[in-house]
Amino acid sequence: MTTATLTLSRSSLDLADARFKSLKGPIDADLMWEVFCGIPEGIDRYLVLRDLLTVAPKVYYQLLLRHTETILPFIYTPTVGEACERYHQLPLKTRGLYLTLHDRGNILNKLQAWPTQDIKVTVITDGERILGLGDLGANGMGISEGKITLYTAAAGVDPQQCLPICVDAGTNNLKLLADPDYRGIKAPRLTGAEFDGFMAEVMEGLRAWRPHLLVQFEDFGNNNAFRLLEAWRHKMCAFNDDIQGTACITLAGLLSAVRATGKPLQQHRLLFLGAGEAGTGIGELVAQYLHLRHGLSLEEGRQRCFFLDSKGLVCSSRSNLQHHKQPFAHDVPFCPDLKSAITALKPTALIGVSTIAKAFNQEVVGAMCGLAERPIIFPLSNPTSKSECSFEDAFRWSNGKVLFASGSPFAPLHGAAGALHHPAQANNAYIFPAVGFAAVLTQSRKITDEMFVLAAEELSKMTDMQELEQGRLFPPFQRIRAISKVLAGRVAQHMVAAGLGALPGDFTGDWEAYVADRMWHHDHM
């Protein structure tokens, strides 16, 4: 961190603190909003928000709920990526719980010593794959803190019932290991059986501590993410947002986009650049949707999805493929790169989950336009610096025909006729808070793929054709509480009907009304 940035951060915070002290009576939210909007740098806005949460939590949540769409980029992506990279250097106080290798044999006791015991939701990471930034070790706490806030902002989960956790199992980031300011364990990461044993103690400790706890896995590396999910999703109420949440919001975007094309999803062919946990998770949920709603077998659904990794097209002629890629190794000729794959496979949708900036260049977008009147192009990689293309480029190169969604936000553009076109942001925060709140309300034993299919379908219904023509594949995020009310109600209804959740004792008979009534608000403080 530069001295200038540190100075700006402290002066921004000092300004806020001075205004706190100058006020007589309650802190004024409008004044604090003025302070916030006057800070030029994203990282400084992030720090001011954290300090405001400590000094005046009611005002913090008042602003968060009033200006959710504006504040979101400064508590989550893209700003949280920079915050995680520099977490050990920033002037902040950790709000979450670290479970480290030094706690082995004592995990449950440490959980039971946490000051707030009525915890119902946790976001847990080991910091190995933070966004597209790689292994950030104990600095990954920033991602858990950011994600857990969205449960309150988006779905109304009581913040006192939310706990961010970072599992510190070491790091392979040589720069952090050599940094004297790094506060995490300075040792290489645990791997294999040792890591699994440590995580088993963590998960068993969480289950013993809070039997109905919702656990969200976040930003674990590919080698561990799938294995952890499969090991625990059937034993407790757990899901992986990178795999399942990303899949759900992408499926919702696809269902909206295909309405604009006039062809149902089963008539489309999807090509993914990137074959990690996010990409193959999307492919699996697309296959589940086609199976559940259109009668295709899972294998037939997977046949609509093709993947490119760093070695080329994932196909049956390749050997030694990772386990999560094998279901998508179709019997097609090998293609060495994206251009040849587009030519050979003729996809109508291109999805980027590669973290390769600008991979969708003018030639790629032009090739997609030659295959579809309304090409679907989703550069989903985060943060913005890793996006496969920008909205401006995709819009210009396609002459405004692109159906676009990205992982990080982009500004709207005026088309040739002067109309404003809005880039859709495939933000997981549309999904995981609502699904999680449904699980909390019903004490669901599991989170299943069908729940994510339901959430995707409901979200995709919230935009009309006029909004789709403006680029809005999703409803405005500023309405997120109203959106979450519908999604959580629908998913909670399914949880109870499927026998996985229990009907609340005080249920009123109307799920949407019940969810709305149970949402936490800053006036409750």
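The following paragraphs describe a five-stranded sheet, two helix pairs and two buried residues in a predicted model. Residues are numbered from 1 along each chain as its sequence is written, and side-chain values use heavy atoms, with hydrogens and water left out. Because the model is predicted, local features need pLDDT of at least 70 and side-chain atom pairs count only at pLDDT 80 or more, whereas totals for chains, interfaces and linings use all residues.

The sheet is open and has five strands in the order β1-β3-β2-β4-β5, with parallel pairing; strands (E, at least two residues) and helices (H or I, at least four residues) are DSSP runs numbered from the N terminus, and two strands pair if DSSP finds at least two bridges between them. The edges are formed by β1 (97-100) and β5 (238-240), each of which has a single partner strand, so that one side of each is left without a neighbour in the sheet. On average, neighbouring strands of this sheet are turned by 25° against each other, direction ignored, where axes are lines fitted to C-alpha atoms, for helices over the stretch in contact, and angles between N-to-C directions run from 0 to 180 degrees. Within the sheet, strand β2 (residues 121-125) pairs with strand β4 (residues 214-217) in the parallel sense over four bridges, and Thr122 stands opposite Val215 in β4. Helix α11 (residues 222-232) packs on the sheet and touches β4 and β5, its direction making about 160° with that of β5; contact here means heavy atoms within 4.5 Å.

Helix α11 also holds Asn224, which is buried, with a relative accessible area of 9% (buried means under 20%, exposed over 50% and partly exposed in between, with a 1.4 Å probe and protein chains only). The side chain of Asn224 makes polar contacts with the side chain of Glu128 at 3.4 Å and with that of Arg227 at 2.6 Å. A polar contact is a pair of N or O atoms within 3.5 Å; within protein, one must be able to donate a hydrogen and the other to accept it, and residues adjacent in sequence count only if both atoms are side-chain atoms. Not counting residues up to four places away in sequence, Asn224 touches Asp126, Glu128 and Phe195.

The second buried residue, Asp179, has 15% relative accessibility and lies in the loop between α9 (174-177) and α10 (192-209). Its side chain reaches the backbone nitrogen of Asp181 at 2.8 Å. Leaving aside neighbours within four places in sequence, Asp179 is in contact with His88, Gln89 and Lys186; the C-alpha atoms of Asp179 and His88 are 9.4 Å apart, although the two residues are separated by 91 residues in sequence.

Helix α13 (residues 277-294) and helix α19 (residues 449-460) pack at about 85°, with axes 10 Å apart, and α13 is therefore roughly perpendicular to α19 (65 to 115 degrees; angles under 35 count as roughly parallel, over 145 as roughly antiparallel and the rest as oblique). Residues making this contact include Leu285 and Tyr289 of α13 and Phe452 and Leu454 of α19. In the second pair, the axes of α18 (residues 432-442) and α22 (residues 511-518) come within 12 Å and cross at roughly 90°; these helices are therefore roughly perpendicular to each other. Their contact is made by Phe437, Leu441 and Thr442 of α18 and Trp511, Tyr514, Val515 and Arg518 of α22.
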